[in-house]
Amino acid sequence: MCLFLLAGITLTACDDGDELSTDQYGNEITLNSFGPCPVLRGGVLKFLGSNLDQVTEVNLPGADPITAIDIKASGKHSEIWINVPKEKCEPGIVILKTAKGGEIKTITPITYEENVELTTVYVGQEGNLSGNVGDLVTFKGDYLNLMHEVIFADDVRVPETEFVAHDRYTITVAIPKEAKTGRPMLSDANPEGENLLYAENAITIALPSAAGITPAKIKAGETATVTGTSLQLIENVELGGGVVVENEGIKTSADGKSLYFIIPGTATDGEVNLITFSGVKIPAGAIETVVPTELSVAPAPVKNGADITITGKDLDLVESIAFPNAGGELKAAEASKIVATVPEKAQEGDISLTLANGKQVTVAYSLVKPTVTECTPNTLVAGNKVIIKGTDLDLVESVTLPGDPAQTVSEFAAQNAKAIALVIPTACAGSGLTLNLKNGTSVEASGLTIQAATAPAISEAPAKIIIGEKATIKGKNFYNVEAIYLGSVKVTKIISKTNEEITFQVPEMATGEVEINFVTPDGTKVVAGKIVVDVPEIDFATFAKDEQQTGFVSWPFNFSWGDSAGKMRIFRTDLLAMNLQSGKSKIIVYKTAGVTGQIQVNNANWGSITTIADWDGSAERIEWIVDDTFIDAINNVFDGWSDTALILQGDLAGVQKMTILP
């Protein structure tokens, strides 16, 4: 047990930087150096090392154990200070005792500087230990001519060049504005390791006081006044929102009883704190920042696209404006009014006005809505033109007309504020109409009756149809369809037909967008709409083989760089029969979402043409448009022994299908 309680011994020279860990119990307490050496009697002795915050007692030869230890830093890079007694201490080895009973000893003995002595400190008159910034502090003793710096609490230093008086027996300095209450020190300012000599007593340095701030409710840009004492010692003012008024923006009266500063636009409501040059925070009261009030808008209602004027008080504080469903931009701003244009997308509700400090105020407004006064004609057969008359019809983006389903028209023959001209879709029938406005709202209107058309009309058709495949279109009056033409090409195979639906096979024809033309029994041609005709995709599985040509590929397919089963060989004869076109034909890869990788397309001699890749795994379909290099490889690059035109390899797994769209 006795052995267990023993600590190891670190023998450390005075300021030599040696380090020997002697902690046998896992606390890693070490002493690297101590100093200064020699040290002043009554001065400060510093110890540097690791985990010295666990030292509970320092023993100097001849002196009583010292337990008043000032921990300056803890942990791996720790530092502790002690005050050396003025008497009884002798030269010799210093012993540090740890919390667990261990000991750490220095290698070299401590020695002492015998001549410097500090006997008394006072502010102003002897015996006084309180004062204000600027008051004189006097240090009395012997050999004070060897000390060249005064240090106030928190390391506020006054160099010898700023001493008011300095001789063997006296040092006098003025209290700097950064100084705090605490025990001052004298320093010899030795760059090799300064000697520090603490005063026995602390001096109290009076702080500024704040009685309050006016006005309590204040507008950004106005001047706030703080009353109190010694306010010339204030360096900064902290306001709500983390806003700081720096010293340059602060003015004080000659007697220090009043402090003035301008409220920044970004300041928010809350406490105001004064920060002294010494870093002390002094509460000065709270403020509430002004916001615009007594708000009203004109005109009311206002039309989208027109200017709106908001009047009230303190509107010069407004930095931005926003409308429901839309942003906004200020055209003019002054204390009594602001002007902005109502955006086309703005809806009714509250306009928001935002200040620089983030505060917001709102004001309600209403919008002009279009009206329908007359439809000419007011009753008509679907497929004919109607003129909708009224007011503010330039706000309308589209018109929805009754039908099964309802039909929305967004392409007008003509439009202005007083009228809209449009052709009624042949699929319409019923009464009334809906005006869909540019801001996303709608207005119901009456005065229009649409009679069902007898001519065939399409209500639903695919965006694209494929040559040779089935296509279905829906609508009405299809019993009146005698024949269907896609452009000038007649559909020769109608698979099924009802009055509302026709299914047919797309004939061989040129690709692209064409008109759908119906011919009625009496020979009338009806243009029913437009549709895109395209060729079918050709599946790679019908012509591509594995690299060793043992068989056609199948899906799913895992591309590889090294395994021949993960490579494809594609032949010239097959590709030439497809009549591929640069800039138009496509290779399409269908893959599993989430899988990443690439497919390298090479010519017959393994020269790279392109890489088709999905590096983030988001795609389920990748398209690559054939280019001139691809076409040249098919026509002009030969391996000298086979009909190979392309070889595909890579590292993309889970390919569900690959096709060519000629």
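Student: Hi! Quick one to start: which residue in β26 does Ile250 stand opposite?
Tutor: Hi there! Ile250 faces Phe261 in β26. Keep in mind that what you see is a predicted model.

Student: Okay, so how many bridges join β25 to β26?
Tutor: There are 3 bridges between β25 and β26 (residues 258-262), and the two strands run antiparallel.

Student: What order do the strands of that sheet come in?
Tutor: The sheet is open and has 4 strands, in the order β20-β22-β26-β25, with antiparallel pairing. From one strand to the next, the twist averages 25°.

Student: Which strands stand at the edges?
Tutor: Those are β20 (209-214) and β25 (250-252). Each has a single partner strand, so one side of each is left without a neighbour in the sheet.

Student: Since it's a prediction, what pLDDT does the protein average?
Tutor: The average pLDDT is 91, and 96% of the residues score at least 70. Over residues 1-13, though, the pLDDT is below 50, and this stretch has 45 contacts in the model beyond near neighbours in sequence. Residues 15-21 also stay under 50, with 19 contacts beyond four places in sequence.

Student: What should I do with those stretches?
Tutor: Where pLDDT is low, the predicted coordinates should not be read in detail.

Student: Got it. New topic: how many disulfides does the structure hold?
Tutor: The count is 0. Take Cys89, which is in no disulfide: the nearest cysteine sulfur belongs to Cys37 and is 12 Å away. Cys428 is in no disulfide either, and the nearest cysteine sulfur, from Cys375, is 13 Å away.

Student: Why does Cys89 count as buried?
Tutor: Cys89 counts as buried because its relative accessibility is 3%, and the cut-off for buried is under 20%. Cys428 is buried too, at 0% relative accessibility.

Student: And Glu90, where is its place?
Tutor: Glu90 lies in the loop between β6 (78-83) and β7 (95-98). With 46% relative accessibility, Glu90 counts as partly exposed.

Student: Which residues is Glu90 in contact with, leaving aside its neighbours within four places in sequence?
Tutor: Its contacts of that kind are Pro61, Gly62, Ile110 and Tyr112. As for Ala267, that residue is 177 residues away along the chain from Glu90, and the two C-alpha atoms are separated by 61 Å.

Student: Let's jump to the largest nonpolar core. Which of its 34 residues touch the most other members?
Tutor: Phe540, Met568, Leu575, Phe630, Leu646, Leu648 and Met658 do. Several elements each supply at least two residues of this core, including β56 (568-571), β57 (586-591), β60 (621-625), β61 (644-650) and β62 (655-661).

Student: Which element gives the most to this core?
Tutor: That would be α3, with 4 residues.

Student: Can you zoom in on Leu648?
Tutor: Sure! Leaving aside neighbours within four places in sequence, Leu648 is in contact with several residues, among them Phe540, Phe559, Met568, Ile599, Val601 and Met658.

Student: Last topic: how do β58 and β59 pair?
Tutor: Strand β58 (residues 597-603) and strand β59 (residues 608-614) pair in the antiparallel sense, over 6 bridges. Within that pairing, Gln598 stands opposite Ala613 in β59.

Student: And how many residues sit between them?
Tutor: There are 4 residues between β58 and β59, and the two strands form a hairpin. Look at Trp606 in the turn, which has a positive phi of about 70°. These two strands also each supply at least two residues of the core we just discussed.

Key. Residues numbered from 1 in each chain as written. Predicted model: local features only at pLDDT ≥ 70, side-chain atom pairs only at ≥ 80, totals over all residues. Heavy atoms only, no water. Pairing = 2+ DSSP bridges. pLDDT = per-residue confidence, 0-100. Contact = heavy atoms within 4.5 Å. Buried < 20%, exposed > 50% of the residue type's maximum accessible area, 1.4 Å probe, protein only. Core = buried A, V, L, I, M, F, W, Y, C linked by side-chain atoms within 4.5 Å. Disulfide = S-S within 2.5 Å. Axes fitted to C-alpha atoms, helices over the stretch in contact; angles between N-to-C directions.
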